[in-house]
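I opened this notebook to record what I looked up in one chain, entry by entry. The sequence and the structure come first, and my notes follow.

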Amino acid sequence: MELEGLRKLVADCVEKHCYRSAIFFGDKVCLLSGEEDRDVYQLCQAYFYSGQHGRALNRLTRHRERRDGEGRGADWEGHKS
């Protein structure tokens, strides 16, 4: 199955309130897409709707930190000056 097909599957699972399946497939989509923003957001929606609020926040925070840290050089240690 192609990435777009998996994205549609995750969206369909969320729409049908099948959050465990959405989380399972959403995690795979994030892995395959290299953690594109839209895929991480969709996964976090499934976490949130399933009552896993802390997990959603943690994933979004880690994603933002990784994205903001790109391009800062190999010696950047994750803290701001």
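Before I list any neighbours, I fix the term: I call two residues in contact when heavy atoms of theirs lie within 4.5 Å. The model I am reading is a predicted one.

**Entry 1: the chain as a whole**

I began with the secondary structure and found 4 helices and 0 strands, the elements running α-α-α-α from the N terminus on. Of the 81 residues in the chain, 28% count as buried. I then looked up the accessible surface, which comes to about 5,800 Å², with 53% of that area belonging to carbon and sulfur atoms. Among contacts with a separation of 6 or more, 46% are accounted for by residues 24 or more positions apart.

**Entry 2: His63 and helix α4**

I went next to His63, which lies in helix α4. Is His63 buried or exposed? I take His63 as buried because its relative accessible area is 10%, and the cut-off for that word is under 20%. Setting aside the neighbours within four places in sequence, I find His63 in contact with Glu35, Glu36, Asp37 and Val40. One of these partners, Glu35, lies in the loop between α2 and α3, and I noted for Glu35 a positive phi of about 65° although the residue is not a glycine.

I then checked the length of helix α4, which covers residues 53–69. Its 17 residues should span 24 Å at 1.5 Å a residue, and the C-alpha atoms at its ends are 24 Å apart, so the expected and the computed span agree. The buried residues of α4 are Ala56, Arg59, His63 and Gly69, and what covers them includes α2 and α3. I keep in mind that an α-helix has 3.6 residues a turn, so residues three or four places apart point the same way.

I also looked at Asn58, another residue of helix α4, which is partly exposed at a relative accessible area of 39%. From Asn58 to Cys44 I read a C-alpha to C-alpha distance of 9.3 Å, with their positions 14 residues apart in sequence.

**Entry 3: α3 against α4**

How do the axes of α3 and α4 cross? They come within 7 Å of each other and cross at roughly 165°, which means that α3 is roughly antiparallel to α4, the cut-off for that word being an angle over 145 degrees. The crossing in which α3 passes α4 is left-handed. On the α3 side I listed Asp37, Val40, Leu43, Cys44, Tyr47 and Phe48, and these meet His53, Arg55, Ala56, Arg59, Leu60, His63 and Arg67 on the α4 side.

**Entry 4: α1 against α3**

For α1 and α3 I read that the axes come within 10 Å and cross at roughly 25°, which means that α1 is roughly parallel to α3, since angles under 35 degrees count as such. The contact is made by Glu4, Arg7, Val10, Ala11 and Val14 of α1 together with Arg38, Asp39, Gln42, Ala46 and Tyr49 of α3. The crossing of α1 and α3 is left-handed.

From this pair I singled out Gln42, which is found in helix α3, residues 37–49. Why do I count Gln42 as buried? I do so because its relative accessibility is 17%, which falls in the range under 20%. Beyond the neighbours within four places in sequence, Gln42 is in contact with Arg7, Val10 and Ala11.

**Entry 5: Gly26 and the loop after α1**

My last stop in a helix was Gly26, which lies in α2 and counts as buried because its relative accessibility is 3%. Leaving out the neighbours within four places in sequence, I find Gly26 in contact with Val10 and Leu43. Between Gly26 and Val14 the C-alpha to C-alpha distance is 9.9 Å, the two being 12 residues apart in sequence.

Finally I looked up His17, whose place is in the loop between α1 (3–15) and α2 (19–33). Phi of His17 is near 65°, a positive value in a residue other than glycine. I count His17 as exposed because its relative accessible area is 58%, and the cut-off for exposed is over 50%.

How values were computed:
Residues are numbered from 1 along each chain as its sequence is written. This is a predicted model: local features need pLDDT of at least 70, side-chain atom pairs count only at pLDDT 80 or more; totals for chains, interfaces and linings use all residues. Side-chain values use heavy atoms; hydrogens and water are left out. Helices (H or I, at least four residues) and strands (E, at least two) are DSSP runs, numbered from the N terminus. Buried means under 20% relative accessible area, exposed over 50%, partly exposed in between (1.4 Å probe, protein chains only). Accessible areas come from the Shrake-Rupley method with a 1.4 Å probe; for residues, only the protein chains shown count as cover. The expected span of a helix is 1.5 Å times one less than its number of residues. Axes are lines fitted to C-alpha atoms, for helices over the stretch in contact, and angles run from 0 to 180 degrees between N-to-C directions. Angles under 35 degrees count as roughly parallel, over 145 as roughly antiparallel, 65 to 115 as roughly perpendicular and the rest as oblique. A crossing is left-handed if the near helix is turned anticlockwise from the far one by less than a right angle, and right-handed if clockwise.
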